[in-house]
Each structure stands twice: as C-alpha cells, then as structure tokens.
Amino acid sequence: MAKLGDLIGLFRVPADKPDLTESQLRAFSKQIPLLYLILLANTLFVSATHYAVAPAWLTVAMPSGFALICAVRLISWWRMRRMTCDHLQAVQRLRSTVRLVGIFGIAFVTWGFAMYPYGDAFHKAHVVFYMSITTVACVFCLMHVRAAALALILVAIAPTTAFFATRGEPVLAAIAGNNLLVAFAMMFILFTHYRDFAQMISQQGELRRRQQETQKLSDENFRLANRDSLTGMPNRRSFFAAITQRLAAQSDKSFAVGLIDLDGFKAVNDLYGHAAGDELLVEAARRMESLRSPEVSFARLGGDEFGVILTGCTSSERMLALGHELCSLLRLPYVLTGLTVEISASAGLAVFPEAGSTSELLVEHADYALYQAKQQRSGTATIFSGNHAHDIRRLNLIDQTLRNADLEAELSLDYQPIFEPATGRISAFEALARWSNPGLGNVPPILFIKAAERSDLINRLTLALYRRALSDAATWPDDVGLSFNLSARTIASPATVLALTAATVNGGVKASRIDFEVTETAVMADFDQAVQTLTTLRSTGAHIALDDFGSGYSSLGYVHRLPLDKIKIDSGFIADIESNETVRNIVKTIVDLSRNLGLGCVAEGIETARQAEIVRDLGCGLVQGYYFGRPGRPDSFLERSTAAEPWRPALAG
Ligand code: C2E
Ligand code: CA
Ligand code: CA
C-alpha cells in the first residue's frame, strides 16, 4: 500500500514546500512558449504531410482546434507571466498544469493514433517519429515539474510503445524498444534533475533564511551600537553620526548642536549610590524626550552629559527659549526610590556654520559654551558667541606660549595673608601663582593654571612652585602657616601627591604649618580618589582646606566624609553677604557646620569693613581678602603684624 501511495505521490504537486513550488513554477514558465511551439509545429508538419491522404477533420479541423487551444493557453500564460503569485496559487497552477498535460497528452496521442492508418510507409514513419520525438521534447520542457513530466510519460510514451510493439512490425517493435529505453533514460534524468533542483532550492532557501537571520542580528547590533542601554536614547556614536550626516547633506540650512550637563549629578551618585544615579538619569532622559520633535532630538553622550541637535529655525531667541525650558524642566525635583533630590542642568549651544564647520569643532564649542554657562550662570543655557571664539584664540595662544615658556624664570608667587580676627595675628599666607611672560604680559592664574592642566604641565609646575613656597615659608615665623593650592589634575595624580609629601617631609617647614587647598569641584570630579589623596597628604601632618566651598555642589552632606581641617567659604557668598539675608544665613550654616565638625573656617574675598564685621559676628575664625591685604610680598605684612596689631581696629569697625 505504502508503495502505491509513494507511486501516486510522484504525480502530486506537494503543498508543503513553498520555496520549491514557486521555483518550479518560475523555471517551468520559461519553457512554456518552447513547449507549445514544438507541439504545434510538429503537429502542423504531420497535418501537412497527411493533408492529401487523411480526412480533413483530422488534418485541418483537429489541428486547428489544437492550435486554438494552444494559442489560448499561450495568451493566458503571457498575461500571467509577470504576476506574482503566493505559494497556494503556485500549487494551484502547477496542479492544473499536471492535469492539462494529462489531457493534452491523451488528445495528441489519440490524434497520432488516428493519423497512423493513413498514407504509405513514409507517412506512418512520420507519425511514429512525431509521437516519439514530440513526447521526448515535451518531457524535457516539463523537466522542472516532475509530476507533469511523469504524467506525460505515462499517457504518451506508455500507450505509443504498447501500440508500436503490438503492430506485428519488427521495425516498429524496435522503435518501441527504443522508446522504452529513452523513456527510462528520461525518467532517470528526470529524477536526478528533480532531486538536484529540489536540493538547490532548499539550499537557496536555507541560505536566504541564514542571510535574513544575519541581517536581523546585524540590525540588532546596529541598534545596540547606536543606543544608550540605560536610557534608550541614541548614544554618543549616533549623535556624532547625526551631526556628520547633517554636515554631509551640504544644505545651507543652519542647525545647532548642544551639550547638556546635569549640575550636581555626581554628588547624588556619590552620596546615594549608582542605582539612585541611574534612576535620576532615566528620569532626566524622559524629561528631555518630552521636548523631542522632528526638529529637536536628544542623545546621551555618557555619564551625566547629554546632547541635542536642533534643526529648522536656529535664531538665538528660539535656542535660548528651548535651552531655558529644558533647564527648568530638569530643575524640577526628582522623586527616586526612597528619596527626592534636586539638581540643575546647564546647556551650551553652538550653531553651524558660525561656530564651526566640523562635528568636532561644533561639539567642542558647544562644550565651551556649556563651561561658560556653568561658570557664569549655572542652570542656564549659553550660546557660543564671537567673544567666546576670541577667548578661545587667546587661550590657544596661552597654551602655546606656556609650553615654550621658561617657567623657572617667568613664574613667581604672591602671598595673601589669612588673619585670625580674634587676635589680629597672621595665621598663614596663601601662595598664589603669577606668570609674567615677555609676549603676553601678566596672565591671570585662572587662565594659565587651566592651560597647564590641559597641556599636562600642571604637576611639574605645582611641584616647582611648592618647593619655592616651602623655601619662602622657612623664613617666616614658626606660627605662620603656608596655604598652597592644588588643582584637580594634581589630586588625581598619585605620583605628584607622593612627590608633594616627600617635599613636605624634606622641606624644612613643619608639616603642621602647611594647608593644602583643594576646591570642592576638584574633589567631586572623583570623590574616592580625592579621599585617598587627601588622606596621604594629611599623613605627613599637613592640613587640608576645602576651597571655594559652596560654589559647586553646595552639598553639606559629603563634608563629613572628607579628611578635612578647614573650610574656605567661597568669595561669591561674601560679595552678597551685606545685601542678601539668605546668603547671610547660608554663611551662618556653613560656619556652624564647620564648628560642629571641629573644622577651621576661612571667609575669603572680604573687601569691605562691613563684610568683615558680619563675618566676624557670624563666628568665622579666619578671614582673607583685599580689605586685609592684597596678594604680594609677605615681608611687609609680617613687619606690620608684629608691630601694633593694626588689623584689630579694622575688624572692630
Ligand atoms: P583661589 O584659590 O580662590 O584664590 C583666591 C583668589 O581670590 C586669588 O586670585 C586672590 O588674589 C583673589 N582674592 C583675594 N582676596 C580677594 C578680594 O577681596 N576680592 C577679590 N575680588 N579677589 C580676591 P588669583 O591670585 O587671581 O587666583 C585665582 C585662582 O587661581 C585661585 O583662586 C586658585 O584657584 C588659582 N591659583 C592661584 N595660584 C595657584 C597655584 O599655585 N596652584 C593652583 N592649583 N591654583 C592656583
Ligand atoms: Ca585657594
Ligand atoms: Ca578660594
């Protein structure tokens, strides 16, 4: 039974191999014109040779009918040839092909048999030749549709062979034998060809599936490579690619590139842990995305830094409006698991082409504008301007000049006294670096210290200045200390910190007389590293003062976690202390905090008697500022200090 089933199966068009069926149809369709051409031509030739000997219904009527049917089939094939059909339609069409082949085969073979009795031996030979050769040719044309080819062999070759074999003619019997042989050969070729064809199609299908999988994987990789995994926003790579794409479009439309930085994010991360930090970033990203439009797109560039690209109108008003909207949105309280925090955000924007014509330059200038925003009006947006470009040119000049300067000869130190208002005594001198260059003149330390940080000269410069400051301090009275500034780059360099401790130990000044001043921004750049550095510096007996306190993160929460001895209240507070009661309260809080933590407290930047008075009344133990003395040579201060305590009346008001 199974064998019979297999046998019948050979004449079926399978419905479960979509790739194969569609390919069969495609390949077979190409042979159709040839198939009909051979069939018709051969039939017409036989009709022509038999025209005089056979009845007209056989030589004219029937061939005309065949020609008509073939023409109709050809036309319908011609119409359908470009039509794409789905798998089921393909199966339908192949099945109807098998049926048609069966019907056509029977019709033409019957016609052949009907023609055979007419005419002489040549006529008969023509019919025999016609039936054999036409069948062989048609089987070859049907090679891609095995079921149809087999059906044709069954309905055409089998009866003709049987017919020839039973005519009692040895020649015809031999032809029948030939026919049979050819039929077997064709079946053999048919099976091999069909198997190879099916195999090739299945391999092609497999290949296509693999290609699709690879494509899917590479699409996914592409998506991952261009997305930030935490926030789901486009990432840094994608941000730069988008800018490059805009630039490559060579459209003369201007667009703006912006950088957004969360002020105070590091403190949240350090104080409450990375999980809280991540939560905050996700929420910040969500708020930014709420402003997204076809003309405004955001990206996370890393850490707490985000990017924005603005197209369409890039008027300063529109950009500033968007920048401010963004900053106010990011300033709203963040409700995280178990706590609510408030931070702010600053933004810097650079407009193409005014602010640069490459992605690097645009981002660099947006970064510069961001830095300016943070410096001058933290929590706001700033656009890169012509003034900024001028400043950058000057900074570049400073960078270059500093690199080639004779630092030993051109650098010097000024000293500014720090007083103890209670006694009027000089508690210490803060060493302040000065650079006088033949070409540039006097360059403010704010600028050249930054330049030295950028060009990696800072640590060499710091060590040279520190050794000089130590040798100066060695000449002062024993109760006058030295306060020395360290930059962020220095406290992040273990080698320099070691060299500083070595110099402290061998410097000829008791370590307890030395204060190292570090800013809270420098500490916050890498809190853990800073704690390590400060502990090392303190191990020699030197002290640590937290400089510019209140100018950065304004968070009192982390102070007790730092190995500190003093806090220096930022001069910005002192400048407003006379007019602003809130500021007065803040300063009072800081003074109280330092007292509670057992830390010294310095109010710096005191310029007026009134400021000095308020600070004294708030209980600040140490004061510094132009009112008491500008940075200069220490000798004059020392002489006056030992004279008649002239500072006390000034403080008493
Ligand atoms: P800083 O450490 O906060 O130093 C105090 C700055 O305030 C000094 O500016 C000083 O001259 C100025 N100042 C003092 N009293 C007053 C006042 O009453 N009113 C006003 N308006 N300003 C006052 P300077 O010398 O220009 O130094 C600027 C900054 O450069 C310093 O700020 C410090 O951060 C940095 N710096 C200076 N020398 C060094 C150094 O040797 N190493 C490092 N790393 N940084 C240094
Ligand atoms: Ca300082
Ligand atoms: Ca300071």
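A salt bridge is a side-chain nitrogen of Lys or Arg within 4 Å of a carboxyl oxygen of Asp or Glu. Arg434 forms one with Asp414, the closest N and O atoms being 3.2 Å apart. This is a predicted model, in which local features need pLDDT of at least 70 and side-chain atom pairs count only at pLDDT 80 or more, while totals for chains, interfaces and linings use all residues. Side-chain values use heavy atoms, with hydrogens and water left out; residues are numbered from 1 along each chain as its sequence is written, and chains are lettered from A and ligands numbered from 1 in the order in which they are written.

**Salt bridges**

- The structure holds 30 salt bridges.
- The Arg434 and Asp414 pair links distant parts of the chain, with Arg434 in strand E9 and Asp414 in strand E8 (residues 411-420), 20 residues apart. Helices (H or I, at least four residues) and strands (E, at least two) are DSSP runs, numbered from the N terminus.
- Arg434 is partly exposed at 23% relative accessible area, and Asp414 is partly exposed at 21%. Buried means under 20% relative accessible area, exposed over 50%, and partly exposed in between (1.4 Å probe, protein chains only).
- Arg318 pairs with Glu295 at 3.4 Å between the closest N and O atoms. Arg318 lies in helix H11 (residues 316-331), and Glu295 in the loop between helix H10 (274-289) and strand E2 (296-302), 23 residues apart.
- Arg209 and Glu206 meet in a salt bridge of 3.7 Å, N to O. Both lie in helix H7 (residues 170-225), three residues apart, about one turn of the helix.

**The two calcium ions**

- The calcium ion (ligand 2) is coordinated by Glu430 (OE), Asn485 (OD1), Glu517 (OE) and Asp547 (OD), at 2.0 to 2.3 Å. Donors are N, O and S atoms within 2.8 Å of the metal (3.2 Å for Na, K and Ca); water is not among the atoms, so sites may look incomplete.
- Glu517 lies in strand E12 (residues 514-519) and Asp547 in strand E13, so this pair ties together parts that are 30 residues apart in sequence. Both Glu517 and Asp547 are buried.
- The calcium ion (ligand 3) has protein donors from Asp547 (OD), Asp548 (OD) and Glu604, which is listed with two OE donors, at 2.1 to 2.8 Å.
- Asp548 lies in strand E13 (residues 543-549) and Glu604 in the loop between strand E15 (600-603) and helix H23 (609-618), so the pair ties together parts that are 56 residues apart in sequence.
- Asp548 is partly exposed at 24% relative accessible area, whereas Glu604 counts as buried at 10%.
- Asp547 bridges the two calcium ions (ligand 2 and ligand 3), which lie 3.9 Å apart.

**Ligand 1**

- Of the 21 residues around ligand 1, Gln416, Ala433, Arg434, Glu607 and Tyr626 come nearest. A residue is near a molecule or strand if one of its heavy atoms lies within 4 Å of it.
- Strand E9 (425-437), helix H15 (445-454), strand E11 (481-486) and E13 each supply at least two residues of this shell. The largest share, four residues, comes from E9.
- A backbone N or O atom of Ala433 lies 3.0 Å from a nitrogen atom of ligand 1.
- Polar side-chain atoms of Asn485 and Asp548 lie 3.1 Å and 3.4 Å, respectively, from an oxygen atom of ligand 1.

Technical notes:
Polar contact = N/O pair within 3.5 Å; in protein donor to acceptor, adjacent residues only side chain to side chain.
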